[in-house]
Amino acid sequence: MTTEASDWQRVSPLFTIHHLLGFLRELANTNPGALAGMAAGGYAFVSRAPVLAGMAAVLLALLGIGLLIAAWMRFRYRVQADAIQLQQGVFTRQRLTLQFERIQNIRIERPPYLRIFGLARLSIESAGSVSQEVHLPGIPEAMAENLRDQALAAGQFQEPSEQGDAEAEAETARTPHYTTLLTRRPRDIIIYGISSPIILWGAVVISSILGVVTQRFEPEDNGNGEEQLQALIPDAMAVAWVVVPFLALVLILLVVMSIIMALVRYHGYRLEHDEDRYRLHSGLLTRREQMVRHHKIQHLHLAQNMVARFFRRRHLNCYQIGSMGADLPDGSGNSLVAPALTMAEQHAMVSRLCPGLDLNNLVFTPVSPRYMIPKGLFWFSIWLGLLMVAVAGALPILPILILAPVLAALIRKNWRRQGWAMEGDYLVLRGGLFGCHYTLFSGFRGQKLRLYQSPLQRRVGLGNLVIRLSSGGFIIPYIPYEQGQQLLDRLVHDMEHSKAPWL
Amino acid sequence: MFTNHTVLPEELPSISEVPWQKLDPRYPRMVLLHGLGFWLAAGAVGLALTLNAILPLTLTGLAVLWSLLLIPSLMSWPAARVKRYAIREHDVLFHEGLLWKSTTVVPRNRIQHIETENGPLERWYGLVTLKCYGAGGHQADLVIPGLEQHLGQRLRQYLLNEAEDEEDRTAELPDDN
């Protein structure tokens, strides 16, 4: 399987398409305002001086094409016995060496424009002290697969295994045999689309749109926007008739968008495993094939928001080293994801990923009710403010009074959700308000532990325990100090005595 | 051979009985000097801004504000005095905090790299800061300031050796169960 050290190679010229798309995506993500301004400016330019604008456009296009070709010429790679080297950059040249054994996550992606030519894009994520991602777009599929196998094998060879070395070597040579662990039907993916966090951002989007709408009305005359609206629609009730359907429409649009994005990204979702390797196929247009080794998964997160709770589903994300984001329908994030799991599927996946852990039979230690005091004070002061406004007559008083028990109930509910459990090697943290989410990891994966207490906590013998993994930090708040110390001692012991591979 | 002895909670080495080491006695002095330097500089800038009517403050107001700023600068001295560290067989510990007390533990087999650092003021006092980095983070997991130079270098070397051994996996952990 080993390839001998080869010389610098170029990728397919289709690299230019990848590069252009990447550039456009980055431009749209980082400064959409500037892009819109440029488009508007361009439009004005075209309408004033079409000939000049045409010439400028041709010049710009030529310049762009020139740059793309230069970028392609400069982008070269070299495969060595234990590493892959890259050089790239038109103006500033960059040279990278990725050690196979340091590779965390490796993906083969087949976007339509590469697939029709039998090419693929290899995305490699490596972890140093700062993790970085490298793309090799436009290499033959067989080459991509070969490189991936080589990288995975290198990782395996490094680890001390329970068996002898010869046996381990034999294992790397054997052809992997994958069995399917989980598939997702369109229905599951649609549920994921509906219950992904994007919907909750909908509120933010709506409020900003409303802000723009009211701003629109303001500059026209000095009266406020509402008056202007009322001038347009004489009946005050009519404003509600316009605004409410508009909001509903925006929300429906967001949901539809989210569902479409989820379907495009996760169509044909199939998670397979072979011993300690997980392979994930998904994608409608761009076929993605993601591979992760079991021991590189640092922690699991079973997420559930209000909408997911309604469907009785949870989304599982497996995090690796570095601050990678959760895998979301809009294409962000790169953790290994298992979307919209039913209770039974959650159970099966967790017992597969954390052998010996039974999620249904965990006994959670509750958090001290004092944990809710800061939150309670915050919401109480807001409520008090509202009450004062209501007493002054600016707001109806009855809803405000009803709000008090609702707030109290929500705070209590949030407190009841908090908890932690130590089961064997595993630490499980629970939280949430409407939904109920879990974070699971093995204690030995910790990197650093910190126990701290504020002066008020010291008076009542409480403390906070922070556990930092290479994939993120977690806190057990308001734990009795003695208990926190015992848990810390236990975790330190696990970390120091574990010989399991963990990076 | 894989063994998995049961360890009773009482038998675990506890952080409540750690032999803590104090930082170098020059460290609190250095921190105080540093704080007072900043305090004086802030006062000078504040005075200049007030005299030129850029800051809307009277001279008395400025004096009150300036003396209030003295409190955190002075507090840095006792805060520096309570900081302490410990190096056990398998981990490094650091304790700090006057009011908000905190204890940090980093196992030695989780340390990825270590640096020592000294700024101009630290060089003047002959002190160094030791920083331990773990995997996956951008910040140091553990920072021990105020170590005497040679001690700092020795500690760094000592911890580095352990980390390398871990990486090579040549040295087995002593079986102390």
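**Entry 1. Inside chain A: domain 1 against domain 2**

I began with a count: domain 1 of chain A and domain 2 of chain A share 6 residue pairs in polar contact, with both residues at pLDDT 80 or more. I note here that I am working on a predicted model.

I then looked at which elements build the side of domain 1 of chain A that touches domain 2 of chain A. β5, α4 (112-115), β6 (119-127), β7 (131-140) and α5 (141-158) of chain A give two or more residues to that side. β5(A) has the largest share, with 8 residues. I sorted this side of domain 1 of chain A by class and got 8 nonpolar, 5 polar and 12 charged residues.

I looked up the domain bounds next. Chain A has domain 1 (9-175), domain 2 (195-352) and domain 3 (369-415). In the contact between the first two, 25 residues of domain 1 of chain A meet 22 residues of domain 2 of chain A. The area buried between them is about 2000 Å², and carbon and sulfur atoms give 39% of it. I asked which three residues supply most on the side of domain 1. They are A:Q104, A:R107 and A:L152, with 26% of the area that domain 1 of chain A buries against domain 2 of chain A.

**Entry 2. Salt bridges in chain A**

Side chains of opposite charge can pair when their charged atoms come close. I looked for such pairs. Between domain 1 of chain A and domain 2 of chain A I count 3 salt bridges. I checked A:R148 and found a salt bridge to A:E289, with the closest N and O atoms 2.2 Å apart.

Over all chains, the structure holds 22 salt bridges. I picked out A:R288 and A:E109, whose side chains meet at 3.5 Å, N to O. A:R288 lies in strand β11 (residues 287-293) of chain A and A:E109 in strand β5 (residues 103-110) of chain A, so this pair ties together parts that are 179 residues apart in sequence.

**Entry 3. Chain A meets chain B**

I moved on to the two chains. The contact takes 35 residues from chain A and 35 residues from chain B. Chain A and chain B bury about 3100 Å² between them, with 50% of it on carbon and sulfur atoms.

How many salt bridges are there between chain A and chain B? I find 1. The side chains of B:D141 and A:R468 form a salt bridge at 2.8 Å, N to O. Across the interface of chain A and chain B there are also 14 residue pairs in polar contact, both residues at pLDDT 80 or more.

On the side of chain A that touches chain B, β18 (446-453), α15 (455-459) and α16 (481-497) of chain A each supply at least two residues. α16(A) gives the most, with 10 residues. By class, this side of chain A has 14 nonpolar, 11 polar and 10 charged residues.

**Entry 4. A sheet with strands from both chains**

Strands of a sheet pair through backbone hydrogen bonds, either parallel or antiparallel. I traced one open sheet of 7 strands, in the order β20(A)-β19(A)-β18(A)-β4(B)-β3(B)-β2(B)-β1(B), with antiparallel pairing. β20 (472-480) of chain A and β1 (21-22) of chain B stand at the edges with a single partner strand each, so one side of each is left without a neighbour in the sheet.

I looked at where the chains join. β18(A) pairs with strand β4 (residues 101-107) of chain B in the antiparallel sense, over 5 bridges. There A:Y452 stands opposite B:S102 in β4(B).

Within chain B, strand β2 (residues 84-87) and strand β3 (residues 91-96) pair in the antiparallel sense over 4 bridges. B:R84 stands opposite B:H95 in β3(B).

**Entry 5. Inside chain B**

I closed with the domains of chain B. They are domain 1 (26-79) and domain 2 (83-168). Their C-alpha centres lie 31 Å apart. In the contact, 9 residues of domain 1 of chain B meet 10 residues of domain 2 of chain B. The two domains of chain B bury about 970 Å² between them, 73% of it on carbon and sulfur atoms. B:R26, B:Y27 and B:M30 supply 61% of the area that domain 1 of chain B buries against domain 2 of chain B, more than any other three residues.

I found 0 salt bridges across this interface of domain 1 and domain 2 of chain B. I did find 2 residue pairs in polar contact between these domains of chain B, both residues at pLDDT 80 or more. α1 (26-51) and α2 (59-82) of chain B each supply at least two residues of the side of domain 1 of chain B that touches domain 2 of chain B. α1(B) gives the most to that side, with 6 residues. By class, that side of domain 1 of chain B has 6 nonpolar, 1 polar and 2 charged residues.

Methods. Residues numbered from 1 in each chain as written. Chains lettered and ligands numbered in written order. Predicted model: local features only at pLDDT ≥ 70, side-chain atom pairs only at ≥ 80, totals over all residues. Heavy atoms only, no water. Domains from an automatic or database assignment. Contact = heavy atoms within 4.5 Å. Buried area = accessible area lost by both parts, 1.4 Å probe. Salt bridge = Lys/Arg side-chain N within 4 Å of Asp/Glu carboxyl O. Polar contact = N/O pair within 3.5 Å; in protein donor to acceptor, adjacent residues only side chain to side chain. Nonpolar A, V, L, I, M, F, W, Y, C, P; charged D, E, K, R; others polar. Pairing = 2+ DSSP bridges.
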